Amino acid sequence: MFICFLPFLIQYLWMFASVLVIEQGAYISEQEKNGEFIFTNFYLLLFFLVSLTSFILFFEIFKKALTLKLPRLRFLKKSEISIVYYIAIIIVIIAYISLISSPSVYTSEDVNKFTYWDTAKYPWLKAILGSTIGYLPFIFGLIFNKYKKPTLLLIVLYIIYLVGVDQKFTAFLYGIIGFLISFAVVNFQKRRNYNILSFKKRYLIVVASLIFSLVLLKYSNKNPFEYLNLSPVESVFYRAFGLQAHVFWGVNEKYNYNDHPNSWDLSELPYGMHVVMKDFTPEFHQRYLEKLWANGVSWTNAYPAILMRIFPVPLALLVHFLIFSIVPLVYTLLIKTIERKNYIIAIVLFQLTLWLTNIYSMSYFYRLTKVVLIFLFLAFIAFIYNRAKKIA
């Protein structure tokens with residue numbers, strides 16, 4: 001349960017640190033103003049406590065109430081874990097075909113992680129790989145026990161690929177979490193005595209130093225905050241802490257501190273990030289916003305800030321408590337599929353958790369349509385499978 005909630009724990013802790021910086025008077029470039037102390041972390045703490053309560057409560061409810069009986073897949077007499085292993089190899093090969101044949105983000109000024117697929121040799125591969133192949137570390141956790149040495153090689157190749165496509169902190173972070181989720185469930189089921197948190201601290205320092213060095217290298221080549229007279233090192237920390245929670249701070253200032261009327265418009269949830277960006281960007285910059293969205297660029301952490309724009313805080317907290325229940329629902333089903341060795345379906349459900357992480361940070365609730373459709377499809381498969389077993 002702790003590992004499943006970890007992405008949201010990190011989100012809130014990171015935002016908490018960012019708010020501390022902003023409320024010391026840091027300049028917010030996107031809003032063109034300086035921050036001030038307005039008790040923002042108090043409201044952030046309320047949302048965190050509601051998130052934690054909702055997650056634990058509904059996790060326990062779904063764990064007891066839901067049963068899942070789905071068929072296991074076989075191909076050419078291969079078990080499902082072997083099929084998943086071969087899928088991982090194929091995905092890594094495809095990723096390197098794309099990487100090697102496409103313009104490099106390090107040698108071309110026009111290519112970065114946002115425009116990589118626009119310039120890629122085979123842009124249609126994005127449907128398979130996405131921005132970070134986020135489901136691949138989850139697969140590594142599933143196959144690690146049975147294929148340890150090959151999996152370690154695949155992990156190294158995956159890290160090199162992420163560096164090659166200009167992915168930085170977030171991709172590595174969610175990759176580690178994805179691996180831990182599947183690895184922990186598999187080994188808990190086998191009663192293996194692994195303490196996944198007892199890793200050597202020097203490994204963490206090495207990985208953190210590597211990520212920081214990559215970001216610093218990129219900012220040294222092209223410093224996005226040079227106009228603020230910030231050095232590359234200062235720009236890295238400004239991006240990490242000065243801007244991470246500026247949306248939450250800005251919504252709190254406008255709708256709580258300055259008592260601006262709430263919108264009471266639930267239709268703002270599907271593209272909440274776009275709504276908030278328009279809210280804090282002068283009208284003469286609207287074309288610039290549309291250009292950013294077209295390139296897949298946006299701010300971050302529009303949720304749960306968007307709820308404070310729509311509703312007064314007490315009602316916003318209640319709505320958050322209810323709609324956050326979708327997260328433990330998916331994680332509960334994910335764990336049950338791993339326990340039943342329905343690994344292919346587990347990968348699909350893990351992809352849903354990645355979408356949910358995006359939904360509950362960016363307020364892109366339009367992605368819930370995909371989640372619902374996949375749920376209906378899995379429910380249909382379960383119905384047909386169980387009906388066939390009863391007839392047999």
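Helices are taken here as DSSP runs of H or I with at least four residues, numbered from the N terminus, and in this predicted model Ser18 is found in helix H1, which covers residues 2–22. With a relative accessibility of 0%, Ser18 counts as buried, because that class takes in residues under 20%. Once neighbours within four places in sequence are left aside, Ser18 is in contact with Phe241, Gly242, Leu243, Gln244 and Ala245. Ser18 and Ala240 are separated by 222 residues in sequence, yet their C-alpha atoms are 7.7 Å apart in space.

Helix H1 also contains Val21, which at 32% relative accessibility counts as partly exposed. Together with Phe212, Val233, Phe237 and Phe241, Val21 makes a nonpolar surface patch of about 380 Å². Helix H10, residues 232–242, gives the most to this patch, contributing three residues. Phe241 thus belongs to the patch and is also among the contacts of Ser18.

In the interior, the largest nonpolar core holds 123 residues, of which Leu142, Ile143 and Tyr161 touch the most other members. The largest share of this core, 12 residues, is supplied by helix H17, which runs over residues 343–362. For Tyr161, the residues touched, not counting those up to four places away in sequence, are Ala95, Tyr96, Leu99, Tyr116, Trp117, Leu129 and Ile133.

Gln167 lies in the loop that joins helix H7 (148–164) to helix H8 (169–189). Despite this loop position, Gln167 has a relative accessibility of 10% and therefore counts as buried. Leaving aside neighbours within four places in sequence, the contacts of Gln167 are Lys113, Ser131, Thr132, Leu162 and Phe172.

Helix H16 comprises 14 residues, 326–339, which at 1.5 Å a residue should span 20 Å, and this agrees with the 20 Å separating its end C-alpha atoms. Of these 14 residues 11 are buried, so that H16 is largely enclosed by the rest of the structure. The buried positions are Val327, Pro328, Val330, Tyr331, Thr332, Leu333, Leu334, Ile335, Lys336, Thr337 and Ile338, a list that includes the charged side chain of Lys336 as well as the nonpolar side chains of, for example, Leu333 and Ile335. Following H16 is Lys341, whose phi is positive, near 65 degrees.

Definitions and conventions:
Residues numbered from 1 in each chain as written. Predicted model: local features only at pLDDT ≥ 70, side-chain atom pairs only at ≥ 80, totals over all residues. Heavy atoms only, no water. Helix = DSSP H or I, 4+ residues; strand = E, 2+ residues; numbered from the N terminus. Buried < 20%, exposed > 50% of the residue type's maximum accessible area, 1.4 Å probe, protein only. Contact = heavy atoms within 4.5 Å. Core = buried A, V, L, I, M, F, W, Y, C linked by side-chain atoms within 4.5 Å. Patch = residues over 30% accessible without salt bridge, like charges linked within 9 Å, V, L, I, M, F, W, Y side chains within 5 Å. Areas by Shrake-Rupley, 256 points an atom, 1.4 Å probe, with all protein chains shown as cover. Salt bridge = Lys/Arg side-chain N within 4 Å of Asp/Glu carboxyl O. Expected span 1.5 Å × (residues − 1).
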